[in-house]
Amino acid sequence: MPRASNAEPGHADGVMGLDHPAVHAQLARLLQSSRFRNSKRSQALLRFVVQAALAGDQNSLKERCIGAAVFGREAAYDTAQDPIVRNAAIEVRKRLAQYYLEHEHAAELRIELPSGSYMPAFPAESAATEPAVPWPTAHGSPLRWIAAAALTVIAAAAVFLLGSRRTPASDLEAFWEPLFRDGSPIQVSIGQPTRLYRFTGPRMEELNRLFGGGDGVNGTKPPIAPDELAWVAPEYLFMRDALAAFKVSAWIQSDGHASRLASVAQTNYSQLRHAPLVAIGAFNNAWSIRATAELRFVFDYRVIDGVTYHCIVDRRNPTNVLWKVAQPASGGMSEDYAIVTRVFEPTTERTLMSVAGIETYGTLAASEFVTDPTYFEAALGVAPPDWRQKNVQFVLGAKIIDGTPGPPRILAAQFW
């Protein structure tokens, strides 16, 4: 049964067994690429974190240490007042996502900088190396079965809604109109887990028993060799992300337009030159992170009083973090937050929409916001008269009751 590894793939244990010359060669390839060669800051940060990780120097991969070593800050500088490392990391993540979304780089060794960490990751296998990631089947783990069931519901509901088409409110249609304009099928890209592994090899059953609790033994767990973990994230979806994608795809089709569902692993840059995109999910969808990286409201992480949070940051007031969720998120969450962004993306020359929560509760609430005229029209009280011609960001909040997100409510907005 698949297990989520407790150790990030880029940590010191994760670099054991790596082909270090191959990683150095890939680093050089990245630094010389068009995505990095014109940004000395991004080059410096990526080079430093990869070299430190390969050397096993985890102590250097702390925000203050990076600020001092890479950007010349004082050793005791205030990271809350000077977010240069966080901002540079956001830029590096965006450039890495752009690089690997290009078809010619899809099969290359992957170097990632996971959100919430400065320890780079080197996935053992890449979803991009496969021509198409197979959708989950109804065999194996419950998670796989749920994902398959969700996709079946998506297809069936879309067909039903096509047969019972309604006329959406004009304001909601206007919000979607830039994506509908040229008649191309809209790509709905679903975020996926990024750190999901299963045990493999002759000790698979033993490791499942020892690490899965139940009748496992107490005390120290045995060490795990790198070749005993297989990266299986491309095979899975989060249930609430799948339901959010269903709501969006069904609404698109109910309005008489075509949509195409795909996982984020199946969504590449060349496709998006020919189709508008709706990106579902935030920290598990590189397209959402890319869409918001340079805007007013961005996804980020912060360490506050020793606790790590995933959060939404207002770049006009970056030190006052109002919307945050502690990590790892617990089942006892009482509220989640989301950003809905509609923006023209100059690199693809298409309009891109991001429907993205900090956690999947927020993503599901955001999908209701962009498909329900009542919720959407309630947000237009803060909109300028010409909002239809502008890029838009909405920050949303949703209470969580008995594991279900409540109605989305508007917390902030930006039009430009």
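**View 1. Helix 5 is largely enclosed by the rest of the structure.** In this predicted model, 17 of the 18 residues of helix 5 are buried, which is why the helix counts as largely enclosed. Helix 5 covers residues 84–101. How far apart are the end C-alpha atoms of helix 5? They are 26 Å apart, and that agrees with the 26 Å that 18 residues should span at 1.5 Å a residue. For a sense of the setting, the protein has 13 helices and 13 strands, and 53% of its 416 residues count as buried. Among the contacts in the protein with a separation of 6 or more, 65% are between residues 24 or more positions apart.

**View 2. Lys 94 sits in helix 5 and takes part in a network of salt bridges.** Is Lys 94 buried or exposed? Its relative accessibility is 13%, and because buried means under 20%, Lys 94 counts as buried. Setting aside the neighbours within four places in sequence, Lys 94 is in contact with Arg 290, Ala 293 and Glu 294. Which residues make up the network here? Salt bridges link Glu 91, Lys 94, Arg 95 and Glu 294. Side chains of opposite charge can pair when their charged atoms come close.

**View 3. Helix 3 packs against helix 5 at an angle of about 90 degrees.** Helix 3 runs over residues 40–54, and its axis lies 9 Å from that of helix 5. The pair therefore counts as roughly perpendicular. From helix 3, the contact is made by Arg 41, Ser 42, Leu 45 and Leu 46. From helix 5, the contributors are Ile 84, Val 85, Asn 87, Ala 88, Ala 89, Glu 91, Val 92, Arg 95 and Leu 96. How do the residues of this contact divide? There are 8 nonpolar, 2 polar and 3 charged residues in the contact of helix 3 with helix 5. Glu 91 and Arg 95 may look familiar, as both belong to the salt-bridge network of View 2.

**View 4. Helix 2 also crosses helix 5, at roughly 100 degrees.** The axes of helix 2 (residues 20–31) and helix 5 come within 11 Å. At that angle, helix 2 is roughly perpendicular to helix 5, because 65 to 115 degrees is the range for that description. Look for Gln 26, Arg 29 and Leu 30 in helix 2, which meet Leu 96, Tyr 99 and Tyr 100 in helix 5. The residues of this contact divide into 4 nonpolar, 1 polar and 1 charged. Leu 96 of helix 5 is also part of the contact with helix 3.

**View 5. Ser 33 lies in the loop between helix 2 and helix 3.** With a relative accessible area of 9%, Ser 33 is buried. How are Ser 33 and Arg 95 placed relative to each other? They are 62 residues apart along the chain, while their C-alpha atoms are separated by 10.0 Å. Arg 95 is one of the helix 5 residues in the contact with helix 3.

**View 6. Three further pairs show salt bridges in various surroundings.** The count for the model comes to 13 salt bridges. In one of them, Arg 110 pairs with Glu 112, with the closest N and O atoms 3.2 Å apart. Arg 110 counts as buried at 18% relative accessibility, whereas Glu 112 counts as partly exposed at 22%. In another, Arg 181 pairs with Glu 177, and here the closest N and O atoms are 2.7 Å apart. Arg 181 is exposed, with a relative accessible area of 58%, and Glu 177 is partly exposed at 34%. The third pair is Asp 300 and Arg 302, whose side chains meet at 3.8 Å, N to O. Both Asp 300 and Arg 302 are buried.

**View 7. Helix 9 covers residues 239–254 and is followed by Gly 256.** From its first C-alpha to its last, this 16-residue helix reaches 22 Å, close to the 22 Å expected at 1.5 Å a residue. The buried residues of helix 9 include Asp 241, Val 248, Trp 251 and Ile 252. Several alanines are buried too, among them Ala 242, Ala 244 and Ala 245. What is the sign of phi at Gly 256? Its phi is positive, near 85 degrees.

Key: Residues are numbered from 1 along each chain as its sequence is written. This is a predicted model: local features need pLDDT of at least 70, side-chain atom pairs count only at pLDDT 80 or more; totals for chains, interfaces and linings use all residues. Side-chain values use heavy atoms; hydrogens and water are left out. Helices (H or I, at least four residues) and strands (E, at least two) are DSSP runs, numbered from the N terminus. Buried means under 20% relative accessible area, exposed over 50%, partly exposed in between (1.4 Å probe, protein chains only). Contact means heavy atoms within 4.5 Å. The expected span of a helix is 1.5 Å times one less than its number of residues. A salt bridge is a side-chain nitrogen of Lys or Arg within 4 Å of a carboxyl oxygen of Asp or Glu. Axes are lines fitted to C-alpha atoms, for helices over the stretch in contact, and angles run from 0 to 180 degrees between N-to-C directions. Angles under 35 degrees count as roughly parallel, over 145 as roughly antiparallel, 65 to 115 as roughly perpendicular and the rest as oblique. Ala, Val, Leu, Ile, Met, Phe, Trp, Tyr, Cys and Pro count as nonpolar, Asp, Glu, Lys and Arg as charged, and the others, Gly among them, as polar.
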